[in-house]
Amino acid sequence: MLKYGLLINYDFCTGCQTCAVACQQEHDYPAGKCGIKITEYVYEAVKKPVAIDYMPFLTELCDLCASRFKTGEDPACVKHCQSFCMKFGELDKLVKDMEFDSRSVLFTPR
Ligand code: SF4
Ligand code: SF4
């Protein structure tokens, strides 16, 4: 799985937590444990007093859904993301995708 990663365009993340729920269900993680965490950033913006961004981060528990990979399925979080802002694939292809999107973050499993 070293050649693979997860690209997340946080510009479209709504903070809905669906990816986290999908990850917990897929791995049977107990409450408080998850392969992904969504952090909320509140900051002053140019055209409005306050803006909020949601930033999903993979944790040390993420294995990129190795068991789903073996059967050709997308990771559970990618499949269930409500805004289609997550992409799983080979690292070199994801790096190319980043060239067109500066609000994306690329993750690899730890
Ligand atoms: S890739 Fe799989 S293990 Fe990693 S955060 Fe997504 S659902 Fe969880
Ligand atoms: S499911 Fe998608 S939109 Fe919802 S919090 Fe996760 S990354 Fe963001």
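Only some of this chain is tucked away inside: buried residues make up 22% of the 110 residues in the protein chain. Keep in mind as you look around that this is a predicted model. The C-alpha atoms fill a box of roughly 45 × 35 × 25 Å along the principal axes. The radius of gyration is 14 Å, close to the 13 Å from the globule rule for 110 residues, so the chain is as compact as a globular protein of that length.

Now for the parts list. The protein chain has four helices and five strands, and if you walk along from the N terminus, you meet them in the order β-α-β-β-α-α-β-α-β. Pieces that are distant in sequence often meet in space: of the contacts between residues at least 6 apart in sequence, 63% join residues at least 24 apart.

Let's start with the sheet. Strands of a sheet pair through backbone hydrogen bonds, and they can do that in a parallel or an antiparallel way. Here, three strands make an open sheet in the order S4-S1-S5, with antiparallel pairing. The edges are strand S4 (86-90) and strand S5 (104-107), each of which pairs on one side only. On average, neighbouring strands in this sheet are turned by 25 degrees against each other, ignoring direction. Zoom in on strand S1 (residues 4-9) and you'll find four bridges joining S1 to S5. If you want a spot to look at, find Leu6, which stands opposite Phe107 in S5. Then there's helix H4 (residues 91-98), which lies across S1, S4 and S5 and runs at about 135 degrees to S4.

Next up is helix H1 (18-27). Which residues of H1 are buried? They are Cys19, Ala22, Cys23 and Gln24. These buried residues pack against strand S2 (36-43), S3, H3 and S4.

H1 also turns up around both ligands. Ligand 1 is surrounded by 14 residues, and the closest are Cys23, Gly35, Cys62, Pro75 and Cys77. H1 and helix H3 (76-80) are the elements that give two or more residues to this shell, and H1 gives the most, with three residues. Sorted by class, the shell around ligand 1 holds eleven nonpolar, one polar and two charged residues.

Ligand 2 has 15 residues around it, the closest being Cys13, Cys16, Thr18, Cys19 and Cys81. This time, the elements giving two or more residues are H1 and strand S3 (51-58). What classes of residue make up the shell around ligand 2? There are nine nonpolar and six polar residues, and no charged ones.

Finally, a few backbone oddities are worth hunting for. Gln17 has a phi near 75 degrees, a positive value in a residue other than glycine. You'll find Gln17 in the loop between S1 and H1. Just after H1, Asp28 takes a positive phi too, of about 60 degrees. Leu64, in the loop between S3 and helix H2 (66-70), also has a positive phi, near 55 degrees.

So are Gln17 and Leu64 buried or partly exposed? Gln17 counts as partly exposed because it has 16 C-beta neighbours inside 10 Å, and a residue needs 20 or more to be buried. Leu64 is buried because 20 other C-beta atoms lie within 10 Å.

Definitions and conventions:
Residues are numbered from 1 along each chain as its sequence is written. Chains are lettered from A and ligands numbered from 1 in the order in which they are written. This is a predicted model: local features need pLDDT of at least 70, side-chain atom pairs count only at pLDDT 80 or more; totals for chains, interfaces and linings use all residues. A residue is near a molecule or strand if its C-beta atom, placed from the backbone, lies within 6 Å of it. Ala, Val, Leu, Ile, Met, Phe, Trp, Tyr, Cys and Pro count as nonpolar, Asp, Glu, Lys and Arg as charged, and the others, Gly among them, as polar. Two strands pair if DSSP finds at least two bridges between them. Axes are lines fitted to C-alpha atoms, for helices over the stretch in contact, and angles run from 0 to 180 degrees between N-to-C directions. Two residues are in contact if their C-beta atoms, placed from the backbone, lie within 7 Å. The radius of gyration is taken over C-alpha atoms; the globule rule is 2.2 Å times the number of residues to the power 0.38. A residue is buried if 20 or more other C-beta atoms lie within 10 Å of its own, exposed if 12 or fewer, and partly exposed in between; C-beta atoms are placed from the backbone.
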